[in-house]
Amino acid sequence: MSRTNPPPKRRRSALLTAGVLVATAIGTGGLMQGTASAAAFGCDVDYSANDWGSGFTANITIHNTGTSPTSNWTLTYAYSGNQQLQQGWSGRWSQSGKNITVTNESYNGAIAAGGSVSMGGNFSYSGSNAAPTSFSVNGVACNGGSDPGDPGDPGDPGDPGDPGDPPGDRVDNPYEGADVYVNPEWSALAAAEPGGDAIANEPTAVWLDRIAAIEGVNGGMSLRDHLDAALEQANGDPIVFQTVIYDLPGRDCAALASNGELGPDEIDRYKSEFIDPIADILSDYAQYDNLRVATVVEIDSLPNLITNVSGDTGTANCQTMAQNGNYQEGISYALSKLGDIPNVYNYIDAGHYGWLGWDSNFGPAAELFHETATMNGASVDDVAGFIVNTANYGPNTEPYYAVTDSVNGTSVRQSDWVDWNNYIDNQSFALAFRDELVSQGFNSEIGMLIDTSRNGWGGPDRPTGPAAMTDLNSYVEGSRIDRRYQTGNWCNQSGAGLGERPTAAPAAGIDAYAWIKPPGESDGASEEIPNDEGKGFDGMCDPTYEGNARNNYNMSGALPNAPLSGHWFSAQFQELLANAYPPVD
Ligand code: BGC
């Protein structure tokens, strides 16, 4: 989640440079005392408590403010009252009288210079519950810690709107100050491609696209394997594990390439065989305070209910899903189950500007999202934010023309390309849609993600500046970096490149640019391929297809010879690398 104006955070710090006494021989054999600058470990500590009257959760972060890493740590502090440790996590906790000692676990001992590590513990108490005032790490006094009433300290009881207040203990933006999990399976595929090494260490999402994916498909990693690997990758800072929850009944109702295993009515299986086991596993990892799970919830489904149920663009499958209510039922169930887990951050898929950017779709979509997020026990508190452009190709920004431009007195909104849309790129859409969602009742702290895995549009066909303003359509055609035939095109787009590398908090209101669709994984087969994954053949993945109402009867723009959706497509990976923007060195 992302506030537009993050509250200031006060922290006191002490940098202790170990002054090492050295004896230096000079000149005639006299001795001089001096200091040599040796390993400098400095620390400050954030402390906050979620207090419910008879007990509290203490959340503690140690920051290494020094210039050297440390490979293990022991934190000590004392309470002044009768606080009694019940259980602790992300560290080995013990108590002797009023004194608390926490030492690192095997996986979180390292704190890089400038890095941090977080831990937590539950305590009972009676009487008063003053926050401790001094902390030491490895014997070095940190003198950090927050006053119980520091405005804006996450978790201080009574700070209005504080995301650290019960029931969750979430931070505002999980990506901020955190590393993001690098999926070793994707990484190995990327590294095996020519030039792929340059990006093989970028974080990409783990897709749970079928029930079997929870335990691992074809000998691949299970969800637990990934979570364990994420904990191992954590190196002082918190780590975000990104996963896509993608197995709704009647999945992908307006297309065929990603149809799934569950029929339109199999909502019970969705709940009991897919969401419940995922929630059980994630609950086992809720104890790891340094792990933040970002879930991308069911891409394309709610947007399909907005545009693809009736009229020209409607499909029979979307009509079925609108009538049986199972998209909303499944999503609300997922939000509520996963939202119960304190370190899970649910991001609902919100299509992209070329889908929901028109007035007729914009408000109704936000309303549908709110309705869905508040039914069947789900609440807006289960929603950390929304994601746009998942597995799509729309740019973050169109640098060379603006939606407010006009040519010879006619607005670019009337050009063939823009076609009355209010948005011409994803970041402007995401921020405006965020406001609309808040006005519908979502929390004002929600943050947006943009999938930038394949929306870079570099390479030789990228315009280098605005075209001449002589004619409306030629101005837009010559200025736009998005080289698709139409914004409704979504399958293996020819000419596309990798977009912005994953980045935390790139702008107010945007939690992160994230690579959710793993670059190099196909969007769909370019011809019929028999399979047991439920995947169909969609003309939109066939380069010779001339389109349908949903892309206004344009050519598909798809690359040839593509495998099934989700399968490795080496030629696409290489094209994405070659056309990356920013370019890959
Ligand atoms: C496919 C999934 C796959 C995902 C990521 C989707 O289009 O349907 O099976 O996991 O893409 O590549």
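## A look around the chain and its ligand

Residues 24 or more positions apart make up 74% of the contacts in the chain with a separation of 6 or more. Keep in mind that this is a predicted model. The chain has 585 residues, and 57% of them count as buried. Its secondary structure consists of eleven helices and 22 strands. On the outside, the accessible surface is about 22700 Å², with 49% of that belonging to carbon and sulfur atoms.

**The ligand site**

Let's start with the ligand. Around it you'll find Trp207, Asp209, Tyr246, Arg251, Ser258, Lys517, Pro518, Glu521, Lys535, Ser565 and Gly566. Sorted by class, this shell has five charged residues, three polar ones and three nonpolar ones. Among the shell residues, Asp209, Lys517 and Glu521 each put a polar side-chain atom by a ligand oxygen, at the distances below.

| Residue | Atom on the ligand | Distance |
|---|---|---|
| Asp209 | oxygen | 2.5 Å |
| Lys517 | oxygen | 2.8 Å |
| Glu521 | oxygen | 2.5 Å |

How much of the ligand's accessible area does the protein cover? On its own the ligand has 310 Å² of accessible area, and the protein covers 93% of that.

**Helix α10**

Next up is α10, which runs over residues 472-479. Its buried residues are Leu472, Tyr475, Val476 and Ser479. These residues sit on the same side of α10, because they cover an arc of only 90 degrees around the axis. And what lies over them? The cover for the buried residues of α10 includes two strands, β18 (406-407) and β19 (410-411). The start of the helix has a detail you may want to pull up on screen: a side-chain oxygen of Asp471 comes to within 3.2 Å of the backbone nitrogen of Asn473.

**Thr70 in its loop**

Finally, have a look at Thr70, which belongs to the loop between β4 (55-64) and β5 (74-78). Is Thr70 buried or exposed? With a relative accessible area of 12%, Thr70 falls under the 20% cut-off and so counts as buried. If you set aside the neighbours within four places in sequence, the residues in contact with Thr70 are Phe41, Asn64, Gly109, Ala110, Ile111 and Asn138. With one of these, Asn138, there is also a polar contact, running from side chain to side chain at 3.5 Å.

Note on methods: Residues numbered from 1 in each chain as written. Predicted model: local features only at pLDDT ≥ 70, side-chain atom pairs only at ≥ 80, totals over all residues. Heavy atoms only, no water. Buried < 20%, exposed > 50% of the residue type's maximum accessible area, 1.4 Å probe, protein only. Helix = DSSP H or I, 4+ residues; strand = E, 2+ residues; numbered from the N terminus. Arc of directions from axis to C-beta. Contact = heavy atoms within 4.5 Å. Polar contact = N/O pair within 3.5 Å; in protein donor to acceptor, adjacent residues only side chain to side chain. Near = heavy atom within 4 Å. Areas by Shrake-Rupley, 256 points an atom, 1.4 Å probe, with all protein chains shown as cover. Nonpolar A, V, L, I, M, F, W, Y, C, P; charged D, E, K, R; others polar.
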